[in-house]
Amino acid sequence: MTEKEKYEGRYLLSIVSSIINQTEIPHSVRKLDWENIYKMADYHKVAHVVYLATLGLEDDIAPKWKGSFHKRYAESLLSQERYRNAAEMVMWQFKQNKIHALLIKDGIMSTCYEPREVRALDRVRILVDEGQEAKIHSLMRSMDFQKRENWKGPGEFYYRVPKTTVVFYTDLGFRTKHLRKYFDFPVKVIRLMEGEKFLHQFTENEFYIYLVCDLVNQYARGEIRISDMVDYWQFYKVYKDRLDWEYVEKELESARISDFAHRLQDLAFIWFGDQHERYAKEYDEEADVYETMELYILTRGAQGREESAKLTELVKEMSDIQSRKRREERVRRFRGFLFPDRRYMEHVFPILEDAPFLMPLCWLWRSLMLALLPPKKKIYRMFRPIKRKIRDTVDEMAARREEKLMERMDEAVRQVMEESSSLVGQEIHDILDLEEEPGEEVRAEEEPGEEENGDLGKTEEEKPEVYGMRDFFSNF
């Protein structure tokens, strides 16, 4: 991240802080790239908050990006009522059908913001017990929700037009050993809501512990956002005087995240709180630590990972878990590539429709053909230039033969034309000689009446024949 991007990230934090604390909006002393600020705010899910600040920056922000911020704010306004109604409807159905359920985060967090649209809702998240999938699927279908089959994230994803999504979880999503062990309990053991038998709710102390653990878990995964820090800070401000801090500290120690939880709390205070003397002193003494954490969050975990791994072992543990998952995914894909399912194999080998027991042999034959494919391509690439050279040589020889043949034909035609011209000239000369013979005129005078009778009285053999006419026409 460049110095300019760092400055814009910190300016974004100052804007969010001024909105949630309802203080004066700061003005930048530098020229800002509002496109970069919008993209950063949109990823961290605070673009709708920044819109409220842009209302006082008429001359500093381009209309295009102000319109983008306004769009996110409008979506936040519309989502409030839509998701609140969806949550109430789903929880009522679960209550009627005796399904134990816990509304994660949104039930309590919505009470920590004023006005409420400052916190955008993008989905309803509900914790349920295992084994309820078929029953939940039937209920969701009755409420016109569709299941997204290709959903790769955790939980079961359901959606309904317009833009209403509900996700069901059977665990709280913690993957590190100690956090997973700490939250390894069914929904039934969580306190029931007042007057309910199947709908559950965290106590204030339990919710704070869950919120901190979730914040640490998101940080370890490199997926923590500014909006997560805002959630934590808003809850802390509202409930800090009502929490049993002795119980909270004991539980955070049991989950082995107490030290790093305090660092996240200090970072939230630096970003959004009043500069109390104790926090300001700690910030001065460990400025590099908090700058590293800030950089890690703003860059989505791309920078500051090694330093963060020294602050908490969860970062390294989560990195190892993700690496192991990637390896398992590669192995799964490779296995699926070598041994495709029956539907695919039947398409390639139709014989399997009548003889499915031949599947292993077909797998073996397909693997053999795939193994021979690289050598085949290599041989093809090796002999392709030779083949091209031979083809070009053959084409060249054929062209030369055709050229010689055409030359010969032209020569033959030229000779025939020359011979024909000489013969025609000779025949014409002979005809002219015959017409000039004097005997013809004498006979014409001595035999009057020959003109009148013509050649009618002569036989075919006695008809005069012009010499060379047949040859003349035959030459043409």
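Start with the second largest cavity, which has a volume of about 40 Å³. Keep in mind that what you have open is a predicted model. To find the spot, select K105, L211, D214, L215, Q218, D228 and D231, the residues that line this cavity. Two elements, α8 and α9 (226-239), each give two or more residues to that lining. Colour α8 if you want the biggest contributor: the largest share, four residues, comes from there. Now colour by class, and you should find two nonpolar, one polar and four charged residues around the second largest cavity.

Next, move on to the largest cavity. The structure holds two cavities of 30 Å³ or more, and the largest has a volume of about 80 Å³. Select Y208, V212, L215, Y232, W245, E249, L252, A261, H262, L264 and Q265 to see its lining. Three helices, α8 (204-221), α10 (245-254) and α11 (258-272), each supply at least two of these residues. Which of the elements gives the largest share of the lining? That is α11, with four residues. By class, this lining divides into eight nonpolar residues, two polar and one charged. Leave L215 highlighted for a moment: it belongs to the lining of the largest cavity and also to that of the second largest.

Now for some rings. The model has 29 aromatic pairs. Select W34 and F69, an edge-to-face pair with 6.2 Å centre to centre and 90 degrees between the planes. This pair links distant parts of the chain, since W34 is in helix α2 (residues 34-43) and F69 is in helix α4 (residues 63-96), 35 residues apart. Are these two rings buried or exposed? Both W34 and F69 are buried.

Jump from there to Y158 and F168, another edge-to-face pair, at 5.8 Å centre to centre with 75 degrees between the planes. Here Y158 sits in strand β4 (residues 156-160) and F168 in strand β5 (residues 164-169), 10 residues apart. Why does Y158 count as buried? Because its relative accessible area is 2%, which is under the 20% cut-off. F168 counts as buried too, at 4% relative accessibility.

Stay with β5 and show all its side chains. Six of its six residues are buried, so the strand is mostly covered. In a regular strand the side chains alternate between the two faces of the sheet. You can follow this along β5: T164, V166 and F168 point one way, while T165, V167 and Y169 point the other way.

Then bring in the strands that pair with β5. Strand β2 (residues 124-128) runs parallel to β5 and is joined to it by four bridges; pick V124 and you will find V166 of β5 opposite. On the antiparallel side of the story, five bridges join β4 to β5. Click Y158 again, and its bridge partner in β5 turns out to be V166. Where the chain turns from β4 to β5, the hairpin has three residues between the strands, and K163 takes a positive phi near 50 degrees.

Two last stops involve a charge over a ring. Select R148 and Y159: the arginine lies over the face of Y159, at 5.4 Å from the ring centre. Then go to R300, which lies over the face of Y43, at 3.9 Å from the ring centre.

Definitions and conventions
Residues are numbered from 1 along each chain as its sequence is written. This is a predicted model: local features need pLDDT of at least 70, side-chain atom pairs count only at pLDDT 80 or more; totals for chains, interfaces and linings use all residues. Side-chain values use heavy atoms; hydrogens and water are left out. On a 1 Å grid over the protein atoms alone, a cavity is a set of points where a 1.4 Å probe fits but cannot get out, and a pocket is an open set with protein on both sides within 12 Å along at least five of seven lines; lining residues have an atom within 4 Å of a point. Grid points are joined across faces, edges and corners, and a volume is the space filled by probe spheres set on the points. Ala, Val, Leu, Ile, Met, Phe, Trp, Tyr, Cys and Pro count as nonpolar, Asp, Glu, Lys and Arg as charged, and the others, Gly among them, as polar. Rings of Phe, Tyr and Trp (its six-membered ring) pair if their centres lie within 6.5 Å; planes under 30 degrees apart count as stacked, over 60 as edge-to-face and the rest as tilted. Buried means under 20% relative accessible area, exposed over 50%, partly exposed in between (1.4 Å probe, protein chains only). A charge sits over a ring if NZ of Lys or CZ of Arg is within 6 Å of the ring centre and within 35 degrees of the ring normal. Two strands pair if DSSP finds at least two bridges between them.
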